[in-house]
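Visitor: I would like to take a close look at a single part of this protein, the place where its aromatic rings meet its helices. Could you walk me through that part carefully and then place it in the rest of the chain?

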Amino acid sequence: MAGTENLAYETNNSNGTNKPSLRAKIQAVGGFLTNMVLPNIGAFIAWGLLTALFIPSGWFPNEDLGSIVDPAIKYLLPLMLAITGGRMVAGQRGAVMGAIGAIGLIVGSDIPMFLGAMIIGPLGGWIIKKFDKLIENKIPAGFEMIVNNFSIGIIGFILMVISFYFIGPVIESANNFVIVAIEALVATGFLPLLSLINEPAKVLFLNNVIDQGIYYPLGMQETLEAGKSVYFTVASNPGAGLGLLLAFSVFGKKAAKRTAPGAIIIHFFGGIHELYFPYVLMKPLTIIAMIAGSMSGIAVFSLFDAGLVAGPSPGSIFSYLALTPRGNFLGIILGVLVAAVVSFIITSLILKFDKKGEDEEDLEGSIERSKSMKSEGKQVLGNVNHNDTDNISDKKINKISFVCDAGAGSSALGATTFRKRLKKADIADIEVKHYRIEDAPQDSDIIVVHKDLLDRARMAHNNKTIISIENYIDDPSLVKLVDELKND
């Protein structure tokens, strides 16, 4: 591979030196929540459309079809979440346990048990998984079926009763406390202040903890009563990200200016918000623009009493329009536009008057700093220090896995783009796919992850070769990787 600067890779050690950060642990929780919700998003959207169309205030009021709304949100959706969560922990037996435990919560409470389902589902799976491990290789031949069936029946019965009398009331009380706190913000006009938490959390890949864990359950509850909810908009508004990327398209420099227009299309129309995260991380001061833009959008939504009927996933403008109920289009569209304008103006001012040198100003500056650190004996890729290095020339590369928080947004985009790069370089024998971080196959030769999710990738893939990047589309490290694969 002469003439090519070798890439540095992270190879996780099993000696305990790489302790996962608190942020990585929170990201993992958010990722787990996301992967309970994501497979069921279609059902949530179906319920949202049912609500928008057939409730008394909907587009086409229909008493018969509208009667499906209440049982669907009370039984169907929580059970689906619990089943998915249980299956993620312990397969089909975990799914059954999750459903049994969830029905106790559902019947024993007066509110839709989304949060409870996301707790009891994995808990049921964990309990049956531990039991199965305890009795492993201890069942007499011929008694396997009776032990398996009665064990899940008896343990599930106990969990169902405990859920009905104890777990359900506790979760309902916690849920009511959160509702009272957020409703107080709404009543006092301080709901936009949530952006102070939402926007920094998003660029640190912690958005799913907030969105799927808090806003979605609250939004579904409010939608059942009011036919819409502003909670679906407080963290998903694509307007602020649009404004930021537009500003980089006009006032950015070099790689940032070149890549921002493409990122706009994928962010605003495709709904993959991770595309603007690297721009904020590259120029941290722009988080002010994101907070101000998001605040402005929420203020407009609140002013017009606008909301959506379900969680927009992905957070695309198309999702927003599809889930907007009758009489709310003006408020929703203005909220998105105002967020974009405010974010654009503030980001433009920051980029226009920032007097820092280019090495701190654009994406290429990150590359130069990386090279400088490498020359000093610190092997760095994507501005992340590595413990150990090797070279792709040392082994045959058959599978490259792009990973992200949910495995359905930025990693899918990165994998698609990288496959095109390989095809252009006449490399056809390497499999490139995208996954949730924890789901990347064990036979992956290289795992590609955003640098802010690196700690979480370490937790999930010990002793795997990991490349950390800053941009899933145009990262210099991916360009170098293609060059090395081609030369190899």
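Guide: What follows starts from one aromatic residue and its helix, and then moves outward to other parts of the chain. Please keep in mind throughout that this is a predicted model.

The residue I would start from is F269, which lies in helix α10. With a relative accessible area of 39%, F269 counts as partly exposed, because the buried class is kept for values under 20% and the exposed class for values over 50%. F268, by contrast, has a relative accessible area of 12% and is therefore buried.

A pair of aromatic rings is described by the distance of the centres and the angle of the planes. For F268 and F269 the ring centres are 5.2 Å apart and the planes stand at 80° to one another, an arrangement classed as edge-to-face. These two rings do not stand alone, since ring pairs link F268, F269 and F318 into a cluster. In the structure as a whole, the search for aromatic pairs gives nine.

What does F269 touch once residues up to four places away in sequence are set aside? The residues in question are I264, S316, I317 and F318, so that F318 appears both among these contacts and in the ring cluster. The approach of this later part of the chain can also be followed along the backbone, where F269 and P314 are separated by 45 residues in sequence, while their C-alpha atoms lie 9.4 Å apart in space.

Helix α10, which spans residues 254-269, packs in turn against helix α9, residues 239-251, with the two axes 7 Å apart and at an angle of about 155°. Because an angle over 145 degrees counts as roughly antiparallel, α9 is placed in that class relative to α10. The crossing of α9 past α10 is left-handed. On the α9 side the contact is made by G241, L242, L245, L246, F248, S249 and V250, and these meet A256, K257, A260, P261, A263, I264, H267 and F268 of α10. Sorted by character, the residues of this contact comprise 11 nonpolar, three polar and one charged. Two of the names are already familiar: F268 belongs to the α10 side of the helix contact and also to the ring cluster, while I264 takes part in the helix contact and is touched by F269.

A second aromatic pair is useful for comparison. Y276 and F277 have ring centres 5.0 Å apart and planes at 85°, so this pair too is edge-to-face. Y276 is buried, with a relative accessible area of 1%, and F277 is likewise buried, at 1%.

Another helix contact can be read in the manner of the one just described. Helix α2, residues 41-54, and helix α4, residues 69-107, have axes that come within 11 Å and cross at roughly 170°. That angle makes α2 roughly antiparallel to α4. The residues that make the contact are A43, F44, W47, L50 and T51 from α2, together with V69, A72, I73, L77, M80 and L81 from α4. They divide into 10 nonpolar residues, one polar residue and no charged residue.

Some loop positions complete the picture. D305, in the loop between α12 (287-303) and α13 (317-322), has a positive phi of about 50° although it is not a glycine, and with a relative accessible area of 52% it is exposed. D426 sits in the loop between α16 (410-424) and β5 (431-436); the phi of D426 is also positive, near 60°, in a residue other than glycine, and D426 counts as exposed at 72% relative accessibility. I139 is found in the loop between α5 (114-134) and α6 (144-188), where it is partly exposed, with a relative accessible area of 24%. Apart from neighbours within four places in sequence, I139 is in contact with E144, V147 and N148.

As for the chain as a whole, the secondary structure comes to 18 helices and seven strands, and 53% of the 488 residues count as buried. Among contacts with a separation of 6 or more, 74% are between residues 24 or more positions apart, and the contact of F269 with F318 can be read against that background.

Note on methods:
Residues are numbered from 1 along each chain as its sequence is written. This is a predicted model: local features need pLDDT of at least 70, side-chain atom pairs count only at pLDDT 80 or more; totals for chains, interfaces and linings use all residues. Side-chain values use heavy atoms; hydrogens and water are left out. Axes are lines fitted to C-alpha atoms, for helices over the stretch in contact, and angles run from 0 to 180 degrees between N-to-C directions. Helices (H or I, at least four residues) and strands (E, at least two) are DSSP runs, numbered from the N terminus. Angles under 35 degrees count as roughly parallel, over 145 as roughly antiparallel, 65 to 115 as roughly perpendicular and the rest as oblique. Contact means heavy atoms within 4.5 Å. Ala, Val, Leu, Ile, Met, Phe, Trp, Tyr, Cys and Pro count as nonpolar, Asp, Glu, Lys and Arg as charged, and the others, Gly among them, as polar. A crossing is left-handed if the near helix is turned anticlockwise from the far one by less than a right angle, and right-handed if clockwise. Rings of Phe, Tyr and Trp (its six-membered ring) pair if their centres lie within 6.5 Å; planes under 30 degrees apart count as stacked, over 60 as edge-to-face and the rest as tilted. Buried means under 20% relative accessible area, exposed over 50%, partly exposed in between (1.4 Å probe, protein chains only).
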